[in-house]
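Hi,

Here is the structure I said I would send over. Have a look at it first, and then read on for what I found in it.

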Amino acid sequence: MSRIQVDRQGPVVRIVLSNPPLNTLDVPLMKEIAATFRALSAEPDAKRPRAILLASGVPGQFSQGVDPRAIVDTDIAGRKAVFLALGDMVEAVWFAEIPLVCDVSGPALAGGAVLATLGDFVAIDAAKGKIAYSEVKVGLPVPYFIQRLVMSKVNPSALNDVLVLGRNVDAEEAVRIGFANAVYKTPAERDEALQGMLGRITRLPPAAIAMTLRERRAPERQYLRAFRDDLAGFADFLTDDYLGKGLRAVLAGEAPKF
């Protein structure tokens with residue numbers, strides 16, 4: 001059974017992530033997300049969506065990132081496969097050349113934060129929404145191609161807190177530093193924010209938007225390619241001395257210590 005649902009609503013495609021309880025990501029799910037975005041991007045102009053809305057089908061959640069058990073229950077080769085799948089998903093979404101609107105209705109952590117950052121426009125729940133690049137807390141550096149995504153959105157003064165310290169960013173701060181565009185408190189406010197974003201996008205010529213996105217993002221391919229081609233340094237942190245140790249502590253309900 002698919003853990004994502006794809007629904008066409010006129011010029012907008014709504015993609016709903018439904019992997020309860022926390023919308024965690026594993027290799028098959030990341031591959032499915034990548035394949036969905038690539039298929040939409042490859043459609044002929046007359047059918048191609050003008051915007052994509054990414055939302056959660058799990059109440060109170062957006063995505064809490066890569067499933068910890070998908071990492072601790074495998075070897076180094078399996079852990080590399082997880083992060084290569086993450087890179088492939090990023091590539092498919094970031095270079096689809098279709099504007100993406102994200103509804104961050106709950107925590108967006110680690111890989112979930114990546115999904116939220118891929119949104120060109122983001123609405124976030126005032127009470128439940130938060131964004132955190134929490135990788136460092138479990139012993140993992142944020143790969144540079146993902147740092148570049150964050151740098152494209154977040155105020156420079158906040159980058160150390162976000163990327164070096166892995167600090168949780170609540171909804172109000174997410175708007176203030178550039179992660180999000182709007183905060184909502186009620187379903188009506190959410191719908192108003194999302195429809196406003198989608199309405200502004202779909203009134204504009206899609207070819208012009210696609211070219212703008214393509215040219216802005218062209219330099220990023222080299223960093224993603226470099227990550228794929230040379231996992232040597234990054235792989236050092238996939239061992240049980242770092243990521244394995246950190247995630248096992250989390251799964252045991254303990255704070256990781258290094």
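β2 (residues 12-17) runs parallel to β3, and the two are joined over 6 bridges. One pair to look at there is Val16, whose bridge partner in β3 is Ala55. Keep in mind throughout that this is a predicted model.

The link between these two strands goes through helix α1 (residues 27-41): β2, α1 and β3 together form a right-handed β-α-β unit. On its other side β3 pairs with β4 (residues 100-104), again in the parallel sense, over 3 bridges. There, Leu54 sits opposite Cys102 of β4.

So how covered is β3? Of the 6 residues in the strand (51-56), 6 are buried. That holds for both faces: Ala51, Leu53 and Ala55 are buried on one side, and Ile52, Leu54 and Ser56 are buried on the other.

Going on from β4, the next parallel pairing is with β6 (residues 121-125), over 4 bridges. Asp103 has Ala123 as its bridge partner in β6.

Put together, that gives an open sheet of 6 strands in the order β1-β2-β3-β4-β6-β9, and the pairing in it is mixed. β1 (4-9) and β9 (182-184) are the edge strands, each paired on one side only. On average, neighbouring strands in this sheet are turned by 20 degrees against each other, ignoring direction.

There is also an open sheet of 3 strands, ordered β5-β7-β8, with mixed pairing as well. Its edges are β5 (107-109) and β8 (169-170), and each of them pairs on one side only. β7 (residues 130-132) and β8 are antiparallel and share 2 bridges. Ile131 is matched with Val169 of β8 in that pairing.

Now the loop between β3 and α2. Two residues in it caught my eye, Ser63 and Gly60.

Is Ser63 buried or exposed? Ser63 is buried, because its relative accessible area is 0%, under the 20% cut-off. Setting aside neighbours within four places in sequence, its contacts are Leu17, Leu22, Asn23, Leu25, Pro107, Ala108, Leu109, Gly112 and Leu115. Leu17 is a residue of β2 (12-17), while Pro107, Ala108 and Leu109 make up β5 (107-109).

Gly60, on the other hand, counts as partly exposed, because its relative accessibility is 22%. Not counting residues up to four places away in sequence, Gly60 touches Ser105, Gly106, Pro107 and Lys128. With Pro107, the C-alpha to C-alpha distance is 7.7 Å, although the two residues are 47 apart in sequence. Pro107 is therefore on the contact list of Ser63 and on that of Gly60, each judged by heavy atoms within 4.5 Å.

On to the helices. α3 (residues 76-94) and α5 (residues 144-151) pack at about 35 degrees, their axes 11 Å apart. The crossing of α3 past α5 is left-handed. On the α3 side the contact is made by Leu86, Gly87, Val90 and Trp94, and on the α5 side by Phe145, Ile146 and Leu149. Sorted by class, that contact comes to 6 nonpolar residues, 1 polar and no charged ones.

α3 comes up again with helix α12 (residues 243-251). The buried residues of α12 are Leu243, Gly244, Gly246, Leu247 and Ala249, and they pack against α2 and α3. Just past the end of α12, Gly253 has a positive phi of about 75 degrees.

Last one: Phe234, which lies in helix α11 (residues 232-235). Phe234 counts as buried because its relative accessibility is 10%. Leaving out neighbours within four places in sequence, Phe234 is in contact with Phe83, Leu140, Pro141, Pro143 and Phe227. Pro143 is 91 residues away along the chain, yet the two C-alpha atoms are separated by 7.5 Å. Phe83 falls within α3 (residues 76-94), so α3 has a part in this contact too, counting heavy atoms within 4.5 Å.

If you want a place to begin, try β3, with β2 on one side and β4 on the other, and work outwards along the sheet from there.

Cheers

Conventions
Residues are numbered from 1 along each chain as its sequence is written. This is a predicted model: local features need pLDDT of at least 70, side-chain atom pairs count only at pLDDT 80 or more; totals for chains, interfaces and linings use all residues. Side-chain values use heavy atoms; hydrogens and water are left out. Buried means under 20% relative accessible area, exposed over 50%, partly exposed in between (1.4 Å probe, protein chains only). Two strands pair if DSSP finds at least two bridges between them. A crossover is right-handed if, with the strands pointing away from the viewer, the path from the first strand over the helix to the second runs clockwise. Axes are lines fitted to C-alpha atoms, for helices over the stretch in contact, and angles run from 0 to 180 degrees between N-to-C directions. A crossing is left-handed if the near helix is turned anticlockwise from the far one by less than a right angle, and right-handed if clockwise. Ala, Val, Leu, Ile, Met, Phe, Trp, Tyr, Cys and Pro count as nonpolar, Asp, Glu, Lys and Arg as charged, and the others, Gly among them, as polar.
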